[in-house]
Amino acid sequence: MAGAVAATTAAAAAASAANKSPRLTVSRYLNKRWIHRGSYMTITVVLFSAVVIATIIYSAVTQQLESKGCKPIWSAPSYARIKSFDTSHTRFASKYSLYLQREQQLDNTLEPNGVPILFIPGNAGSYKQVRAIAAETAHQYYDAIAAKGFYGDDGSRNLDFFAADFNEDFTAFHGRTLLDQAEYLNDAVAFILSLYKTTSTSHRANSDAPLPRSVILLGHSMGGIVARTMLTLPNYRPDSVNTIITLSTPHVVPPATFDWDIVRIYEKINRYWSTSYSDKLIGRNPLSSVALISIAGGKLDVVVPSDYATTSSIVPSTNGFSVFTSGIPNVWTSVDHLAIVWCDQLRKSIAAALLDIVDVREPTQTKFLSTRLQIFRKRFLTGLESEAQRKVPSSLVHDTLLKVQDTPSVFVDEGRRVVLRGLGKSRQPRVYLVPIPKDGGREDLFSILTDQKLSIDGKDQRVDILLCEQTLDNIDVKPFSTIIDVSKPEGRSISFPCTNLAPDVILLPASTKNTKYAHDGDSFSYIRYKLGEISRYDYIAIVDSYTSPASGFVLAEVINNLSYKYEIEPSLFGLASGLSHLQLPPHRTGFVEISANSVTSSLLSYKLTVQTRTCAGRGELFAPLARQFLTDPNESKFYPNAHKVQLSLYGSAPYVPMTYLPGVNNNLKLQLWIDPTCEKPQDLYLSIDILGSMGNLVMRYRTAVAALPLAVVGMVLLIQFNIYDAEGVFINFGAALEIFLGRALPILLLVSATFIIIFTYLMPSHTLPFSDPQDQDAYGSETPVYRQMINNNMFLGLTDPSLSYLGPVFFILASGMCIAVYYILLAVLLCVAKVLDFAASSKIFRRHPRRTNSIFFSRMIQWMRNRRGVSAQWMQPVLAGMASVFVALFSVWSAFYHSVLSGSRRLLTTFVLLVSVLAYVPFQFAFVVVFIVHVNTCIRALRAPIVQSPGSNGMFSTNFVNFAFSILMLMVWVMPINIPVLIVWIHNLTVRWNTPFSSHHNLLSIMPIILLVERMITGKMVPRMSGRFQIVTKIAILYLIIYACLHGVMNSYWLHYIVNIFSFWLFFMYLDFTGERPNVGSDLKSYFDSKFDKRP
């Protein structure tokens, strides 16, 4: 709408100027035939665009960078191809392969004897990427078995890792390839399950256990989408998949929208998954037992935006969630797109989670859905989430008996903070009994932070935290697994039945003055309960078992629910100017939580400054520790030694469905652990990192590079046709672009910003088809609570009106890119034309080129004959590479020679090209050929002599040259849309050249463009239009402009079809139904024949 209004305004301004203003007279545009003198506006736009683009690139490369914390790994994998999975089981057996991975020296048999899990590689991925996680799983399992001394009696079992070899297919660019892989994997799952029926019982532990009925899926990148697609296909066996773990998978938005099939597949599977969980399908949900866990890499993933990994609009929390690696305990680092399959810390967490969910006593080989989700949350979430489950408060069994001396020094006054600065100072074990307030609010917190390791069976553990009850009954010591006796024989003692809090310990990254990154290795132990959760207990006991002085600290306190929470409402101006400030009072708790209500966008990065004041005479217990988090998705990021912190979040993102509860904001929240013993005020400053924010545009708007410049080209074409139909002069692209910049662009900038502001306020919301029990508990409602979803797929996909300035910025960048590309392309073609003129006049290049070609091909054939003895294994990649080179050379050769053939020969080559599209090659290949043909046409036009008068439409007239360059500019910006599918085809050609390409063979998708380019080879100008023909032309161009502006980013593939429709209309106009065909004279081919056929 914004583009349409501005384009219409530009057309009206151009028409008025053509009739009234002397600036648009014919003579003005004939003074400079192709290159128009740049105006100040043009220079300003180009300079602004260059500076902004350079700044964006600089920001993406140097600003807001996160450290790479993944540790290196070692493994000894072996791969066994399953050759029995052949064409009798799947029709893709000749294209894909299935492997079984084994870790050497651990897995000694090639027969499957564990729980099946299938690894699915992503875009251009390898089946060998499974080795890291598979190796770690094997090591954890066999180490645990050696320690336990039994083999699977508790339902545990090792995992059989199968992996699919897709020959590194490009699934992100080609939907048909994605569907082929999903169909193949459904067949593979059925075959894998059949293997366990034929496996010898001597190779299977617990042979009386049920045979596997389902397979766990582990997908990397687009492999996760393939996994979800499997469940929507007809050949999917019900209940054969019940757990899907995805790594860096773009679930909600396709990473590339250049293919129609990809966009439609995403729409289909997301609709299928979300509607399957609808309350209307309770009892009939085909996905009711499926768990979907999405793990995103975060800032370091520069291949797939981690915004796309969210799953809240697809599955309820009862069936899955999404999480970032920066929040996973003991990982605490962002991970790049490839490292996520081998990162040592992450693979340990994934392997432990996989082994935890296994239960071979069940036919599904896994635990029940609710138990699986609890395990995944325990392994992958921080434990600080509001819905995190605590194990100890719900336990009715006491595991520890505590005996203490009955003296007042053991008991701590109620409400007093316990601070242990250093341990073992009394040189004997000591206990601190902290009373749990009975008159406090149920939402008040009991918080304990220490740098000591807390575990139930810790060998060297010196500190224990216990929940104790006071009882007057005699206590039998037999039920207790642990007895802690710190009483003295000569005194009176008291016994307390207690429960160790180690199972509920939350690990935090250690934060000292020497800590640099969260993933440095050390950790703090943190325990937090709401008083309502532990109200049946009387004391929290802190046991210091050190008998000699040791470093360390323990901080325990009761935190009032209203004293640790702060809210700030920073404005965009305040954040940009650094005026957003919060001061914490001197008498405060050691834990605070800050909610920045207006900070939601993932396009902005921020800076947080924590100014702490030193205490005279004593050091701090620990350095400030900060955690930024969002509740949807589960994004957490820790910053130890947090004095100056760079914040970036994955909140409201362009084109990503945003779910929310009415009245609940999903904004940035900060949790801070700051030493409270200093009792001095702390100042916090939050500001926008303007330079760092610019780099965020790269990942979110990559496809906008082709869409918005195409809209600008459409506006320029509208101006050109408007003047041509009115005055008979088709002005050059640079002149029309100058008119657009001076008259239409200011209006376009204003309209685009206004459109974003209005649309974000009027954007409709939709109710998700499923309810979430967590939301119901949060509301305290007895009826289901449904989330609302906002999804803006139009223009820049923004949901925040404060970012409306991005609309004008992107249109200026698109205009600057069009200017730069036009003049660079024109300069290159002029140089080529001059070189060819020189070559045509030189005696060296007057020989016919056919002899050179025949010599080349004869020598290539002779070389291949001489290599007959070379092994086929070596020759296959060589021949594949030669095939790709031959295709490229043949396309260029055919394109240039097609341009100078006679009419009948051109008709024959056009027919051959169309038949090739219909039978073997995709239409994108034909587009590249006709693009090269049109480049040659433009070069020939530049070399042709101009003898016509101004406004004439003769052979290769000025009008035709300008028109040809405008069409070339149109094709230049359509080219990026066609290249990805062409890459997929070339890849398939190099792997298996005889495998037919399964899509993009529609002749109507390319025939109009071919016919238009073939018609333009003659150098004839399209006739002037009037009446209904002129209206149809403007409507076609306006359709291109509107669609490119509103939907071009998320549906780039359709821009090719719009240009194809416009090409058909231009070809139709070449048929000249208006009776205004110009007198074109004789064929120009004779001119070039005379140039090349001269003999010395």
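Q: Does Asp160 count as buried or exposed in this predicted model?
A: The cut-off for buried is under 20% relative accessible area. Asp160 has 0% relative accessibility, so this residue counts as buried.

Q: Which residue meets the side chain of Asp160 in a salt bridge?
A: The partner sits in strand β2 (residues 97–103), while Asp160 is in strand β4 (residues 159–165), 58 residues apart along the chain. The N to O distance is 2.9 Å, inside the 4 Å limit for a salt bridge. The partner has a relative accessible area of 2% and is therefore buried. The residue is Arg102.

Q: How many disulfides does a search of the whole structure find?
A: One joins Cys70 to Cys343, with an S to S distance of 2.2 Å. Another joins Cys468 to Cys498, at 2.0 Å. The search of the whole structure gives a count of two.

Q: How many residues apart are Cys70 and Cys343?
A: The disulfide joins Cys70 to Cys343, and the pair links distant parts of the chain. Cys70 lies in the loop between α3 (40–62) and β1 (77–81), and Cys343 in the loop between β8 (320–324) and α8 (344–357). The separation is 273 residues.

Q: Is the link of Cys468 and Cys498 left-handed or right-handed?
A: Cys468 and Cys498 are joined by a disulfide, and both are buried. The angle about their S-S bond is 105 degrees. The link of Cys468 and Cys498 is right-handed.

Q: Why are Arg264 and Glu267 separated by about one helical turn?
A: The side chains of Arg264 and Glu267 meet in a salt bridge, 3.3 Å from N to O. Both residues belong to helix α7 (residues 260–276). They are separated by about one helical turn because they are three residues apart in helix α7.

Q: Is Glu267 buried or partly exposed?
A: Buried requires under 20% relative accessible area and exposed over 50%, with partly exposed in between. Glu267 has 40% relative accessibility, so this residue counts as partly exposed.

Q: Which residues are joined into one network by salt bridges that share partners?
A: Lys348 forms a salt bridge with Asp344, their closest N and O atoms being 2.8 Å apart. Lys348 and Asp344 lie in helix α8, four residues apart, about one turn of the helix. Salt bridges that share partners make one network of Glu136, Asp344, Arg347 and Lys348.

Q: Is Asp344 buried or partly exposed?
A: Its salt-bridge partner Lys348 is partly exposed, at 36% relative accessibility. Asp344 has a relative accessible area of 10%, and is therefore buried.

Technical notes: Residues are numbered from 1 along each chain as its sequence is written. This is a predicted model: local features need pLDDT of at least 70, side-chain atom pairs count only at pLDDT 80 or more; totals for chains, interfaces and linings use all residues. Side-chain values use heavy atoms; hydrogens and water are left out. A disulfide is a pair of cysteine sulfur atoms within 2.5 Å. Helices (H or I, at least four residues) and strands (E, at least two) are DSSP runs, numbered from the N terminus. Buried means under 20% relative accessible area, exposed over 50%, partly exposed in between (1.4 Å probe, protein chains only).
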